[in-house]
Amino acid sequence: MKKKLKILIVEGNVAEETINFRRAGCVSQSENFKYHIKKLEQNCETDIVQPGDDNSISRIFSSLKKYHGIVLTGSTLRVNDNSNEVKKHIDFAKTCFKHEK
């Protein structure tokens, strides 16, 4: 039997931007990626994490090794912006790279 593929999708946008997407009749970046991943690999498990949400991150850190891959969705954030939100995204990405399989 084929092993189930486990993918972590990292929502790049802040919660406010995700709300704006929904108000415009769109889905979030992470939901869009989840939809397309499921089209390519129907028998996969996907989880979504939001680096700006401390509760979301704390649940994921202890289980990073269970994932076969991580998708960083991109966002409207700018890497040269020194906001706490950008710092959380960068720190999360660094942590992900430390847990490579």
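Guide: A residue is called buried when its relative accessible area is under 20%, exposed when that area is over 50%, and partly exposed in between. The model discussed here is a predicted one, and every value below is computed from it.

Visitor: How do you know whether Ile 37 should be called buried or exposed?

Guide: The relative accessible area of Ile 37 is 14%, and since buried means under 20%, Ile 37 is therefore buried. Ile 37 belongs to helix H2, which covers residues 29–40.

Visitor: Which residues are in contact with Ile 37, leaving aside its neighbours within four places in sequence?

Guide: With those neighbours set aside, Ile 37 is in contact with Ile 7, Ile 9, Cys 44, Thr 46 and Val 71, where contact requires heavy atoms within 4.5 Å. For one of these partners, Ile 7, the C-alpha to C-alpha distance from Ile 37 is 8.8 Å, although the two residues stand 30 places apart in sequence.

Visitor: What makes S1 and S2 a pair of strands, and in which sense do they run?

Guide: Two strands pair if at least two bridges are found between them, and strand S1 (residues 5–10) and strand S2 (residues 44–49) share six bridges in the parallel sense, so the pairing criterion of at least two is met. Within this pairing, Leu 8 stands opposite Asp 47 of S2.

Visitor: How many bridges join S1 and S3?

Guide: S1 and S3 are joined by four bridges, again in the parallel sense, and Val 10 has Leu 72 in S3 as its bridge partner.

Visitor: Why is Thr 73 assigned to its accessibility class?

Guide: Thr 73 has a relative accessible area of 10%, and because the limit for buried is under 20%, Thr 73 is classed as buried. Its place is in the loop between strand S3 (69–72) and helix H4 (84–98).

Visitor: What makes the approach of the Thr 73 side chain to the backbone of Val 10 a polar contact?

Guide: A polar contact is a pair of N or O atoms within 3.5 Å, one able to donate a hydrogen and the other to accept it; the Thr 73 side chain reaches the backbone oxygen of Val 10 at 3.1 Å, so the distance part of that criterion is met. A polar atom of the Thr 73 side chain also lies 2.8 Å from the backbone nitrogen of Gly 12. Beyond its neighbours within four places in sequence, Thr 73 is in contact with several residues, including Ile 9, Glu 11, Gln 29, Ser 30 and Phe 33.

Visitor: Which backbone atom does the side chain of His 89 reach?

Guide: The side chain of His 89 reaches the backbone oxygen of Gly 12 at 3.1 Å. His 89 lies in helix H4 and, with a relative accessibility of 15% against a limit of under 20%, counts as buried. Not counting residues up to four places away in sequence, His 89 touches Glu 11, Gly 12, Pro 51, Gly 52 and Leu 77.

Visitor: What makes the link between Lys 66 and Glu 45 a salt bridge?

Guide: The term asks for a side-chain nitrogen of Lys or Arg within 4 Å of a carboxyl oxygen of Asp or Glu; the N to O distance between Lys 66 and Glu 45 is 3.7 Å, so the pair meets the cut-off of 4 Å. Lys 66 lies in the loop between helix H3 (54–61) and S3, whereas Glu 45 lies in strand S2, 21 residues apart.

Visitor: Why speak of a network that includes Asp 47?

Guide: Asp 47 and Lys 66 also meet in a salt bridge, at 3.7 Å from N to O. Asp 47 lies in strand S2 and Lys 66 in the loop between H3 and S3, so this pair ties together parts 19 residues apart in sequence. Glu 45, Asp 47 and Lys 66 are thereby linked in a network of salt bridges. Asp 47, at 22% relative accessibility, counts as partly exposed, and so does Lys 66, at 34%.

Visitor: How many salt bridges does the structure hold?

Guide: The structure holds four salt bridges, one of them between Arg 22 and Glu 31 at 2.7 Å.

Visitor: How do you know whether Phe 97 is buried or exposed?

Guide: Phe 97, in helix H4, has a relative accessible area of 60%, and because exposed means over 50%, Phe 97 is exposed. Together with Ile 70 and Leu 72, Phe 97 makes a nonpolar surface patch of about 310 Å².

Note on methods
Residues are numbered from 1 along each chain as its sequence is written. This is a predicted model: local features need pLDDT of at least 70, side-chain atom pairs count only at pLDDT 80 or more; totals for chains, interfaces and linings use all residues. Side-chain values use heavy atoms; hydrogens and water are left out. Helices (H or I, at least four residues) and strands (E, at least two) are DSSP runs, numbered from the N terminus. Buried means under 20% relative accessible area, exposed over 50%, partly exposed in between (1.4 Å probe, protein chains only). Patches are made of residues with over 30% relative accessible area and no salt bridge: like charges are joined within 9 Å, nonpolar side chains (Val, Leu, Ile, Met, Phe, Trp, Tyr) within 5 Å. Accessible areas come from the Shrake-Rupley method with a 1.4 Å probe; for residues, only the protein chains shown count as cover.
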